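Let's take a walk through this structure together, going from helix packing to a few individual residues. Keep the model open beside you as you read.

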Amino acid sequence: ILVDEILEVLQIQPGQTGYDATLGYGGHTRRMLAQLQGQGHLYATDVDPIEMEKTRARLASAGFGPELLTIQHRNFADVDQVAPGVLFDFVLADLGVSSMQIDNPERGFTFKHDGPLDLRLDPSSGVTAAERLRQLDQEELENLLVENSDEPYADRIAKAVIQVFRRGGTVDTTRQLYALIEGALSFLPAGERKEAVKKSCQRTFQALRIDVNSEFEVLYEFMEKLPECIKPGGRAAILTFHSGEDRLVKKALKSGYKAGIYSDYAKDVIRPSAKECAQNGRARSTKMRWAIKK
């Protein structure tokens, strides 16, 4: 997503040192490595140990080995620990969940297929979304849905989930949660119900994913540490996929600019073209902001 726009913002030159905070499938990584033309170095991190190793092998087979690329299983909140003593010329953080995670039912990121209600980016640590639901009372769950995804039917969905637990039932799979949301919205007119259920499911899964992975806290920490890890004149680009993330990034960059940390920053978001959105539906919600270190 936004590959050409990212490269235009970052202005990568051969010999530079960069950091890809969110390796994912490695699409952005590969294009940034190509810009280095075999000179310099790129550090990359990912919290998902399963997909990280697949991407490492994929990039190595394309000729991008450890002499050009260092990959670490690490959360990007630890940006200051990725390469101690090294300042980056460019930094990219793509905050979207990767297609490999969404398309694998075993990871629990999609409600289109049945699978365990997991939603952890790192399946080796933390609690699953199913476990998290059991920890919350109705008011807490409602607040979570509102704060993390602006869910308009948060009260009805929270009530439906908690009622299951009160009856001694469980919500352990993605389709169980889908069915609960569908039932909670059964009061809607038939003509608009299907689309409303789909959107509420998307928002509910997003809200749980954000909570399970502490995504706002991680992003806040990353934005706080970022300026100390970039060279003067270095550039950073951040891609967000929902309003909560974008507000946090916008506020951090604006305050950094006012404090004299950044010489310039994106006053307006950069969005994918209509053509890119038509080719990739997941690009529609993408917003990119950037900053240049003073």
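A good place to begin is a pair of helices, α6 and α9, which lie roughly perpendicular to each other. Please keep in mind that this is a predicted model. The two helices pack at an angle of about 95 degrees, with their axes 8 Å apart, and that angle counts as roughly perpendicular because it falls in the range of 65 to 115 degrees. If you want to find the contact, look for L144, L145, N148 and S149 on α6, facing R203, T204, Q206, A207, L208, I210 and D211 on α9. Sorted by class, the contact of α6 with α9 holds 5 nonpolar, 4 polar and 2 charged residues.

Helix α9 (residues 190-212) has another partner to show you, namely helix α8 (residues 174-184). The axes of α8 and α9 come within 10 Å and cross at roughly 130 degrees, which makes α8 oblique to α9. The crossing of these two helices is right-handed. From α8, the contact draws on T174, L177, Y178, I181 and E182, while α9 supplies V197, S200, C201, T204, F205 and L208. Here the contact residues divide into 7 nonpolar, 3 polar and 1 charged.

Now move back along the chain to helix α2, which spans residues 27-36. Which of its residues are buried? They are H28, T29, M32, L33 and L36. Looking down the axis of α2, you would find these buried residues within an arc of 130 degrees, so they line one face of the helix. Just after α2 comes Q37, with a positive phi of about 55 degrees.

That backbone angle deserves a brief pause. Most residues other than glycine have a negative phi. L2 is not a glycine, yet its phi is positive, at about 55 degrees. You will find L2 in the segment before α1 (3-10), and with a relative accessibility of 0%, L2 counts as buried. D150, also not a glycine, has a positive phi of about 55 degrees. Its place is the loop between α6 (138-149) and α7 (154-166). Is D150 buried, exposed or partly exposed? Its relative accessible area is 48%, so D150 is partly exposed.

Two residues with charged side chains round off the walk. The first stop is D46, in strand β2 (residues 41-46). D46 has a relative accessibility of 12% and therefore counts as buried, because the cut-off for buried is under 20%. Setting aside its neighbours within four places in sequence, D46 touches T22, L23, G24, M52, Q72, H73 and R74. For a sense of scale, try A196, which is 150 residues away from D46 along the chain: the C-alpha atoms of the two are separated by 33 Å.

The other stop is R107, in the loop between α4 (99-102) and α5 (129-135). Is R107 buried or exposed? At 6% relative accessibility, R107 counts as buried. What is R107 in contact with, once its neighbours within four places in sequence are left aside? The list runs through D48, I50, E51 and Q101, and continues with P116, D118, L119, R120, L121 and P123.

Methods: Residues numbered from 1 in each chain as written. Predicted model: local features only at pLDDT ≥ 70, side-chain atom pairs only at ≥ 80, totals over all residues. Heavy atoms only, no water. Axes fitted to C-alpha atoms, helices over the stretch in contact; angles between N-to-C directions. Helix = DSSP H or I, 4+ residues; strand = E, 2+ residues; numbered from the N terminus. Parallel < 35°, antiparallel > 145°, perpendicular 65-115°, else oblique. Left-handed = near helix turned anticlockwise from the far one by under 90°. Contact = heavy atoms within 4.5 Å. Nonpolar A, V, L, I, M, F, W, Y, C, P; charged D, E, K, R; others polar. Buried < 20%, exposed > 50% of the residue type's maximum accessible area, 1.4 Å probe, protein only. Arc of directions from axis to C-beta.
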